[in-house]
Amino acid sequence: MAFGGYANKIARIDLTKGKVTYETPNEDDLRKYIGGRGLGAKYVFDNGPKIEPLSEENILCFMVGPLVGSDVTMSGRMAVVTKSPLTGTVTDSHHGGWSGARLRWAGFDGVIFKGRARKPTYAYVEGEKVTLKSAARIWGKNVHDTVKALTKAHGSKDISVVAIGQAGEKLVRFAAIVNENDRASGRGGTGAVMGWKRLKAVAIKGNIKDKPKPARPEDFKKAVALGNTAIVKGDVTAPRKGGLSVYGTNVLMNIVNEIGALPTRNAQQTQFEHAEKVSGETVKETILVNDPTCHACPVACKKEVEVKEGPYKIHMESTEYESMWALGANCGCSSKEAIAKIIYLANDYGVDTIELGNCISIAMEASQKGLIREKIEWGDTEAMIDLVRKIGSRRGIGKTLAEGGWRAAKAFGNEGLANQVKGQCIAAYDPRGLQGMGIGFATSNRGACHLRGYTPASEVLGVPEKTDPLAWEGKGKLLKIFQDLHAISDSFDICKFNAFSEGINEYVAQYTAMTGIDIDSDGLMRAGERIYNLERYYNNQLGFAGKDDNLPEKFLKQPGSGPAAGHVCELDKMKKEYYEARGWVDGVVPENKLRELGIIA
């Protein structure tokens, strides 16, 4: 049977042969893994874990779920799923904007690349067809020029361009894939996989008239209204009223700093004395010029900024909290104008701003400790800009930093400089001030990540209920719930931010009405659990286990500052609770759990 919401079409592209084939996704896989992240992880799993990320055998999946491109609020995401060259784990990285919706409107649930093109290539997607074209004239260009060139070539109406810059071409391990100039699938080095395959871009043309059709139209209208009501009434998400809508994600800067959970100067402290200067409130008062949004989203959390004069003159679409932290507090930088310029450059070269900020702060601390000959002071904006260019083009010290924070720290002679898990550096939350994020970083399947299970929703924002950020009890159980819930939303693929207002009941209503698949809340949560366990099982086959669910020593032994003074992350206690909730044995999924979830027969 054909389910509602799906295009029921996957494109498989063999870049080595220059051949495109089409297939129908397996019905059982759709039921078990939904789409987006889940279905992409299943394809990566079936492709086999013991392959090299930068090889012809690795696949790169551009995936959407059954709600993408529909009337569901915040349903404009796309998942990029592959094996990471940064961590060696399965990874998925998502971006917003319009490319996800347009891929679905163009008639696809996913486009999967394998092999390696003989010459620079890009893919053009339109009308249920994928065509490979020469990228000779755009190879070597950075993201913004690539987007401009392909938009002009294919007409500006109804088109999205997803591209890499020089960093992806030069195989920077944390190279990003950037959509529509400034929205990135940043984490995990997906851009390096794309660069190795000599795939410069994917240009997608789709029309909203071809949006997905629900199996139960009347129920779907009610489900959409149910979710939208929750969004517009939410304290965090209410359009033009909630903090996310008014200040963007950077509304968190002052809040997280006040509780002593803002990693500062490579997490040497947990509070930044200049946080206010780079906060969402200050950005709104000074350089904000517009509030662009994604498909079907009334929240408009993106904050377009313009610096009109001076050395950091720039106009760019969005300044996110994670980026403002990574290149701000984390590097001791208090100039919002300079940070905006650096984010723009990072997007243009195509690198993950989170890993970038960590790499720069590692270089700064290495300089502080005399481990490198370069003199790079905390907050030195000119040095930061220079490092972005060197990393993006792999020149000088940039060659070392282009390997990612963990490998760079080892090369500098002090692995402990890198605040990393499984080879990927942390985001903008210090585990000493936010215990839940500590266990979240440690157990993330894709390396340190705040988005696998966003416990600050509870610890900071009180969603669905307030918990003490400094208390460890219950955080392992809480994290499992968040991880499973986010696996669902990533597979739908809808924005995680709607989880600040919506929950499993809204998700069940939208999913069942769209697809016609009857499932209750327990069944849908089980699907999220299945997806998370499939990813863990993939990693287990590569040797990842409990020893890798760890944190840098500083978080475990060196107390935080401010309200987190005297506190370290109680990781071992939370891991025990978490493994019990998961039914894992020392970080490994046992056979009985795999059978229980239907991952193996």
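This report covers two sheets, one buried lysine and one cavity. The model is predicted.

**First sheet**

Six strands form an open sheet in the order β2-β1-β6-β3-β4-β5. The pairing is mixed. At the edges lie β2 (19–23) and β5 (90–95), each of which pairs on one side only. On average, neighbouring strands are turned by 20° against each other, direction ignored. Strand β1 spans residues 10–14 and runs antiparallel to β2, with five bridges joining them. Within this pair, Ile10 stands opposite Glu23 of β2.

**Second sheet**

Another open sheet of six strands has the order β8-β7-β12-β9-β10-β11, again with mixed pairing. Its edge strands are β8 (129–134) and β11 (183–185), and each pairs on one side only. Neighbouring strands here are turned by 20° on average, direction ignored. Five bridges link β9 (residues 159–163) and β12 (residues 199–205) in the antiparallel sense. Ser160 has Ile204 in β12 as its bridge partner. Helix α4 (residues 143–154) packs on this sheet. The helix touches β7 (121–126), β8, β9, β10 (177–179) and β12. The direction of α4 makes about 145° with that of β9.

The table sets out one antiparallel pair from each sheet.

| Strand pair | Residues named | Bridges | Opposed residues |
|---|---|---|---|
| β1 and β2 | β1: 10–14 | five bridges | Ile10 and Glu23 |
| β9 and β12 | β9: 159–163; β12: 199–205 | five bridges | Ser160 and Ile204 |

**Lys422**

Where is Lys422 found? Lys422 sits in the loop between β16 (420–421) and β17 (424–425). Its relative accessible area is 12%, so Lys422 counts as buried, the cut-off being under 20%. The side chain reaches the backbone oxygen of Ala442 at 2.8 Å. Neighbours within four places in sequence aside, Lys422 is in contact with Thr87, Thr89, Ala442, Thr443, Ser444, Gly447, Arg536, Phe544, Asp548 and Asp549. Ala442 thus appears both as a contact of Lys422 and as the residue whose backbone oxygen its side chain reaches.

**Cavity**

How many cavities of 30 Å³ or more does the structure hold? There is one. The largest cavity has a volume of about 40 Å³. Lining this cavity are Tyr247, Asn250, Gly280, Val283, Lys284, Leu288, Lys303 and Thr319. Which element gives the most to the lining? Helix α10 (residues 280–286) does, with three residues.

How values were computed. Residues are numbered from 1 along each chain as its sequence is written. This is a predicted model: local features need pLDDT of at least 70, side-chain atom pairs count only at pLDDT 80 or more; totals for chains, interfaces and linings use all residues. Side-chain values use heavy atoms; hydrogens and water are left out. Two strands pair if DSSP finds at least two bridges between them. Helices (H or I, at least four residues) and strands (E, at least two) are DSSP runs, numbered from the N terminus. Axes are lines fitted to C-alpha atoms, for helices over the stretch in contact, and angles run from 0 to 180 degrees between N-to-C directions. Buried means under 20% relative accessible area, exposed over 50%, partly exposed in between (1.4 Å probe, protein chains only). A polar contact is a pair of N or O atoms within 3.5 Å; within protein, one must be able to donate a hydrogen and the other to accept it, and residues adjacent in sequence count only if both atoms are side-chain atoms. Contact means heavy atoms within 4.5 Å. On a 1 Å grid over the protein atoms alone, a cavity is a set of points where a 1.4 Å probe fits but cannot get out, and a pocket is an open set with protein on both sides within 12 Å along at least five of seven lines; lining residues have an atom within 4 Å of a point. Grid points are joined across faces, edges and corners, and a volume is the space filled by probe spheres set on the points.
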